[in-house]
Amino acid sequence: MKIPRLLSLIFLFLIRATDSNAQVLLQQAFPNLSFDQPLGFQHPGDGTDRIFVATQPGVVYVFNNSPSVTSAKVFLDLRDRVTSGGELGFLGLAFHPDYKNNGYFYVNYTTSNPLRSVIARYTVSPTDPDAADKNSELILFQVNQPFANHNGGQLAFGPDGYLYIGLGDGGSAGDPQNNAQNNAVLLGKLLRIDVNAPPGGGTYSIPRDNPFVGNTSGYREEIYAYGLRNPWRFSFDPATGRLWAADVGQDLWEEIDLIEKGKNYGWRIMEGNHCFDPPSGCNTAGLTPPIWEYGHNSEGGEAVIGGYVYRGAGVPELFGKYIYGDFVSGRIWALTYDGVNPPVNTLLLNSGLEISSFGVDQHNELYVCAFDGKIYKFTSATPPPPPTATPTPIPDPDLIQRSWGIFGDTPVPQDYDGDAKADLGVWRPLEGRWYLLPSAGGFSVQSWGLPGDTPVPADYDGDRKADLAVFRSSQGAWFILNSLGGTRVLKFGRSSDQPVPQDYDGDGLADLAIFRPSQGGWGIKPSGGGSLITVRWGLPGDVPVPGDYDGDGKADVAVWRPGDGTWYIVLSGGGIQVRPWGQNGDIPVVADYDGDGKADLAVWRPGDGTWYLIFSSTGAVSFRAWGVSGDKPVPGDYNGDGKADLAVWRPGDGTWWIALTR
């Protein structure tokens, strides 16, 4: 990061885009607060909606995420060990994905004698959630710095649970020691380490798939990517998993990179897309060019500050765009990139600010740290449109639009964290990975399953949290990863069966169950270990729709017949229900939409995106358009009010559209 002389500027409370057609604003997020050189904005991912601001001298502050907040508490003060000034100081802060339970957070700061970067872990105080235990420092590793600039600084946990660390090339100018191309040193690299599985006596381990694991050339195994000059700020897009990094340039060019494992991003051979050493005719074989660059000119700047792909709901104009800026010029841009078409860059603001960093809160709203001491928030100047039948990005508290997943994923909304709210989740068949976005905040990625498996998440251990599970039809086996710990592999079913796990016996645990379309037969294996239950109910071509239709706490066997739209239900308390509801081509969407504890008959019509509901509590009928052709219906209780909300997931862009009930 380049830090020129501080300017004595007075900034307006509200900053409007210089483009008269733009409708994006920056406003002071916390008008009553000011900080000494803020350069880090984080939230802990524990659902408390707190904000942590790190300052260059070495103080971390904590406060509630409210524009009316009047004071911030000192969470951690490391000024007695941080060497600060110029590009030195407290440079990075990251909270462990399980911070809510383990209280761990990680820092990156510079200190002296010798000049070096320190990567360390601290722990929150056991008696005060707004204070760190300063004596808990565990140094993971240290890197000597040959010069006082180009220290990098960013720390971030990736969707794989590993800690990523950005280190600059060691400073001076032009990388005189050629550190960025020397894989025997850590400088000029993006590192990836595992802080959850340290070896005996160690502080971290090396992920098994790091690119230089087991090499015989003396390369550092911590290296994830190399050829970087000063990757001051990088971030992960939680919807796609892409790693975006802004690498600060030398004399002429600033660059934006999409970081991938093992790749060489060119410095000092190249600066951006241009030869640097040598200045012409350089060998570019094996180098990965930036996805975008801009020059040191009147339309660019001189020190790129990496930002985030915006995934909030408050500024729909920015959704899915990578937002970044420049420390020197104060410009802020939006880069649009879909992975297929060439990127499109748009100037959003001439802010007049010395932008030091970007950050997001637990709602994925985007903020700017500036060296005038203030924190700014992006807002929309466009009034929200009225609700329409087809979901559109509306910043309405009853309508949620959130990107989570990519094309090819399978949506798997469940209550994975036990807070009685459905969480966004997708299962990626090509990877066998689960990408979860808990309603309390944060996100997690877990490998569980193989391509070809069917995801069957449910609460198999009775802790009120959905467990990750897959049904492997080729083996007729269920693979369950219990949220309480441990794994199970159970044989039940065969290749042509459809898994239909539910709590059929009312003991609070999901039972293994299958529907055999060829016979219209059900097989249920009670979780308590009782005798196998078999039921003949249904015909070939029927769709299994188990649910608790009589409200006795036990799932009932049921099928929906597409040919005539009729529901056939065997009530666990006795009796049979037969009722037509729907038509051929509809998709049954069983859930408790009225909150009476009973499953309601419901279908979603793909042709026009309309939901047709019959409320069990009153017998009333409800129609509502929500979704478009090609969407996948994903009803669930996303706000925890006991009523299922209408929701669809759009495979084309991985966006969830949720209409909350009130």
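Begin by selecting strand E17 (253–259) and strand E18 (270–271), each of which supplies at least two residues to the lining of the second largest cavity. Please keep in mind throughout the tour that the model is predicted.

**First stop: the second largest cavity**

With E17 and E18 displayed, add the remaining residues of the lining. The full selection is Arg229, Asp247, Val248, Gly249, Gln250, Trp253, Glu254, Glu255, Trp267, Met270, Glu271 and Gly272. The space that these residues enclose amounts to about 60 Å³. Which strand gives the most to this lining? It is E17, with three residues. Colouring the lining by residue type will show four nonpolar, three polar and five charged residues.

**Second stop: the largest cavity**

The structure holds four cavities of 30 Å³ or more. For the largest of them, which contains about 80 Å³ of space, select Gly40, Gln42, Leu93, Gln154 and Arg233. Among the 15 residues of the lining, these five are the closest to the centre of the cavity. Next, display strand E3 (38–42), strand E7 (90–95) and strand E25 (355–360), the elements that give two or more residues to this lining. By type, the lining of the largest cavity comprises nine nonpolar residues, five polar residues and one charged residue.

**Third stop: the loop before E3**

From E3, step back to Gln37, which is found in the loop between strand E2 (24–28) and E3. Gln37 is a residue other than glycine with a positive phi, near 55°.

**Fourth stop: a salt bridge**

Select Asp80 and Lys134 together. They form a salt bridge in which the closest N and O atoms are 3.0 Å apart. Why can this pair be said to tie together separate parts of the sequence? Asp80 lies in the loop between strand E6 (73–77) and E7, whereas Lys134 belongs to strand E10 (residues 132–144), so the bridge joins parts that are 54 residues apart in sequence. In general, side chains of opposite charge can pair when their charged atoms come close. The structure holds 20 salt bridges.

**Fifth stop: two cis peptide bonds**

Turn to the backbone and select Asn113 and Pro114. The peptide bond from Asn113 to Pro114 is cis, with omega near -5°. Pro114 sits in the loop between strand E8 (104–111) and strand E9 (116–124).

Then move to Asp277 and Pro278, where the peptide bond from Asp277 to Pro278 is also cis, with omega near 5°. Where along the chain is Pro278 placed? It is in the loop between strand E19 (274–275) and strand E20 (292–295).

**Last stop: the two domains**

Finally, return to a view of the whole chain and colour residues 24–380 as domain 1 and residues 399–659 as domain 2, following the domain assignment. The C-alpha centres of the two domains lie 40 Å apart. How many residues from each domain take part in the contact? Domain 1 contributes 16 residues and domain 2 contributes 14 residues. Between them, domain 1 and domain 2 bury about 1200 Å², with 54% of this area on carbon and sulfur atoms. A search for salt bridges across the interface of domain 1 and domain 2 finds zero.

Methods
Residues numbered from 1 in each chain as written. Predicted model: local features only at pLDDT ≥ 70, side-chain atom pairs only at ≥ 80, totals over all residues. Heavy atoms only, no water. 1 Å grid on protein atoms, 1.4 Å probe; cavity = no way out; pocket = protein on both sides within 12 Å on 5 of 7 lines; lining within 4 Å. Points joined across faces, edges and corners; volume = space filled by probe spheres on them. Helix = DSSP H or I, 4+ residues; strand = E, 2+ residues; numbered from the N terminus. Nonpolar A, V, L, I, M, F, W, Y, C, P; charged D, E, K, R; others polar. Domains from an automatic or database assignment. Contact = heavy atoms within 4.5 Å. Buried area = accessible area lost by both parts, 1.4 Å probe. Salt bridge = Lys/Arg side-chain N within 4 Å of Asp/Glu carboxyl O.
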